[in-house]
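The following note is intended for a first-year reader. Please consult the sequence and the structure while reading the numbered points.

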Amino acid sequence: MEIAKTYNPQEAESKWYPYWTEKNFFKSTPDHRKAYTIVIPPPNVTGVLHMGHMLNNTIQDVLIRRARMLGFNACWVPGTDHASIATEAKVVKLLADQGIKKTDLSREDFLKHAWGWKEKYGGIILEQLKHLGASCDWSRTRFTMEPELSDAVIDVFIDLYNKKKIYRGVRMVNWDPQGLTAVSDEEVIHKEANSKLVYVKYKIENSNEFITVATTRPETIMGDTAVCVNPHDERYTKLKGKNIIVPVVNRVVPIIFDEYVDASFGTGALKVTPAHDINDFNLGQKYKLPVIDALTQDGKISEAAGAYVGMDRFACRKQIIKDLQEQGLVEKIEEIKNKVGYSERTDAVIEPRLSMQWFLKMEDMSKPALEAVLNNDVKLIPEKFINTYKHWMENVHDWCISRQLWWGQQIPAWYDDKGNTVVCKTKQEAFEKLKEQNAEVKFLDIKQDEDVLDTWFSSWLWPLTVFDPDIIKNGWEKANADLKYYYPTNDLVTGPDILFFWIARMIIAGKEYTGLKPFSNVYLTGIVRDKLGRKMSKQLGNSPDPLELISKYGADGVRVGLLLSSPAGNDILFDESHCEQGRNFANKVWNAFRLIQGFEMGTNVSQPEASKTAIEWFSNRLSEQLEIINDHYSKYRMSDALMATYKLVWDDFCAWYLEVIKPEFVDGKAQPIDKITFDATINYLESLLKIMHPWMPFITEEIWHLTKERAEMECIIVAEWPTVNTQNKETLQAFEVVKEVVAQVRNIRQQKNISPKEKLEVKERSDVGEQFSRFDSVVIKLANLSSYSYTKDKVEGAFGFMVMNAEFFVPLTGNINVAEEKERLAKELEYNKGFLRSVQIKLSNERFVSNAKPEIIEVERKKESDALNKIKAIEEQLASL
RNA sequence: GGGAGCUUAGCUCAGCUGGUUCAGAGCACCUGCCUUACAAGCAGGGGGUCACUGGUUCGAACCCAGUAGUUCCCA
């Protein structure tokens, strides 16, 4: 059979993914084996696969595939998140494009549109994950807003309300004027911005004097209800008891004195706008100031402002500055840098706003979750995130869980027309309960709370409800078999940006409802950036399309490319050339296979000595490296595990092992290979394919089936992970010497322009060399020697080099430039003498000898004697020239 | 403003308990090769004051203190 010279990924990908799913290799049901479980961080149902998803899903797939091979019952649960703000915003925009305003629709009609859209486009991202090779159990796919999971969310709300952990109240919240909803503190992203600090003159009542106030938000002047200064600020003590006239609206407001004000910022005088700043709000509470809400919910100037009504807040900011300047009320304008809050979901500038919201008390609930991480019950990888986590958990605020949206789980709170509130699942129940408080209540007058719950209030249950949506209702004792089997899950792989949004809250919910952690290890990936270190974003257009990458480099190539340089917790600077490297590696593997499958087995061929020793070496090498790879995995050092695999295959197997055992050509014809060597080689290839499989699932499955006839279910995806055998350290060391000798001979060829085809002679002068003589045949083959012999005497007229303590000679009479050779040897001698000196200084230092560990001293003594030998040898060589 | 991390070759990173021949890898680079598996390759090679300053130690990339730059988190 003719096999293509380059590997064709598309063919293998389109063949094996369907095969794996048809044969149910991804499917998991509880059995006698130990479970290994990962729940996917559910991507937004409206999302499109980006490089961040590629990275963390590749890692999850590597972990799950290896666990499967190690004999665990591996279960990777996929699904999507309803992402209330993001999805609602998308649907609103889509409807707007069709000329439909959300405000013209009823809640029911809007939700119909939203569900219709979700059914049509939702879950595209899961289809994309299949191209990557993700081995999720698709039969378990979940959606955070499907009825069963929504039920659980409602149950949790009711339960926590009954436990007095959820309350409702008017608070200053982060308002998203574009999404028209409150968002939690965690959903506000603070970015540095260039702002104008405007110094505005406020007239002092009954006087011609002014007090100057510095503000970055002049458009809120209409909401000012006081001016505040620090009581210790001597500049202003004379103003005690005075009133101030707010410009634009000419409102008379008091001047108040409070230590909150920083006398060194601006003019030391602060305008107090209780409706539009949390600190001003607190001052307002303290001094009983009126609250004037000068903005509407969509960020325009409100009726209450009394001026600029209906104008956008930013347009108003410009206009008001201009107008104040014209009135001579602007003293100066400074350019400053400050932090401005943006909505995580809509990128609109957040407006602090007073409103009635639902909150979850976090103080008590966060304690067991903090404990779980601090005592290592839940491990964060890398560990540096423990500090961040601790800091957040110790300073956690109550969680604003209501959102003024329709897409999501509607809050199960019910109100009658007298202001009574009950929390329960159905209107009927609400009716019964409200009757206890209000005997005349009419069923039709009962209204459900209009708001929905924060998306994270559903995703914090994800590791529980994907297995048992009834867990909240039934409790952990009565949990179903799935949950008891798979929970706590093993590893969670996600970005550090959702450490608080999601990870911390899952631990809280897990502890609250099962008393157990939701997962044992959290692997925090970095953020994927472009090679200039910029975050990948649509605006910059620097984010490659993952599916295009896959079609260009193959799924295996992209997987390897992504993981080659992505240490946990560090950002990865993505460069397409990494994928190229991944593709090249796949091609290398492909060609190693081509070589092996082209071997022609001879019936009466005896095994060459070189092949025999190469086999002896490689079996040790394979075990040695596999042990290292296993160790990297156990420490979640993914890049290291991959790199060790890469080098084992490319360097050890291809560059050394295959080069030794590959039959020679005689008269243009490849010689047949002996059976022992052939079988050993196939064996090694199979082991290597298994070790490579988690990284490169497609090519390994493809070659696995090309090496042998396989039964229907005999696939590499379920093959057993190779085991580590004890290694002979001496063999491994000896081969390192072999590599060095071969490299030295090649080096001489390069320097002297001797063709690789010309056979050379090598003589070794050493006391110990012969104990490794079984490796001589390997050297002869790889260095292309005519002979390899031992001598007790030095060899005249030859190039020399040293490896360890042995001297090697390549006789090349007539070819030697004596002066050049002398110079080279002199240099080497100089170096070794210097080295000897430093070792001897160390050894003659009494404090070193008395303080250092004995084995360290032993090493130094060895260095000394080795150096002495080497110097002697070099001197002899020099003398012979 | 508070906190955490990072700074090692041109780039991306290892360096785990302070101790093997003046610090390792991959990529990139340079030189020579289309040698019957692979030019997506082979062989060989060059490249580093371990951010800076000081301290501890027989010994520091590693421990401590300070400085600078940088990233992230929180307010």
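1. In this predicted model, RNA strand B is surrounded by 48 residues. The closest of them are Gln581, Asn591, Arg637, Phe665 and Lys863. Of the atoms of RNA strand B that come within 4 Å of the protein, 63% belong to sugar and phosphate.

2. Several helices contribute to the surface near RNA strand B. At least two residues each come from α10 (385-394), α19 (576-597), α21 (638-661), α24 (729-752), α26 (818-844), α27 (846-851) and α28 (854-880). The most is given by α19, which supplies nine residues.

3. The composition of the surface near RNA strand B should also be noted. By class, 18 of its residues are charged, 16 are nonpolar and 14 are polar.

4. Individual polar contacts with RNA strand B may be examined next. An N or O atom in the side chain of asparagine 584 is 2.9 Å from a sugar or linking oxygen of the strand. Two residues approach base nitrogens of RNA strand B: glutamate 659 with a polar side-chain atom at 2.9 Å, and alanine 592 with a polar backbone atom at 3.4 Å.

5. A separate point concerns threonine 215, which is found in strand β8 (residues 210-215). Is threonine 215 buried or exposed? Threonine 215 counts as buried because its relative accessible area is 7%, and the cut-off for buried is under 20%.

6. Leaving aside residues up to four places away in sequence, threonine 215 touches Lys196, Leu197, Val198, Val200 and Lys271. In addition, a polar atom of the threonine 215 side chain lies 2.8 Å from the backbone nitrogen of arginine 217.

Conventions:
Residues numbered from 1 in each chain as written. Chains lettered and ligands numbered in written order. Predicted model: local features only at pLDDT ≥ 70, side-chain atom pairs only at ≥ 80, totals over all residues. Heavy atoms only, no water. Helix = DSSP H or I, 4+ residues; strand = E, 2+ residues; numbered from the N terminus. Buried < 20%, exposed > 50% of the residue type's maximum accessible area, 1.4 Å probe, protein only. Polar contact = N/O pair within 3.5 Å; in protein donor to acceptor, adjacent residues only side chain to side chain. Contact = heavy atoms within 4.5 Å. Near = heavy atom within 4 Å. Nonpolar A, V, L, I, M, F, W, Y, C, P; charged D, E, K, R; others polar.
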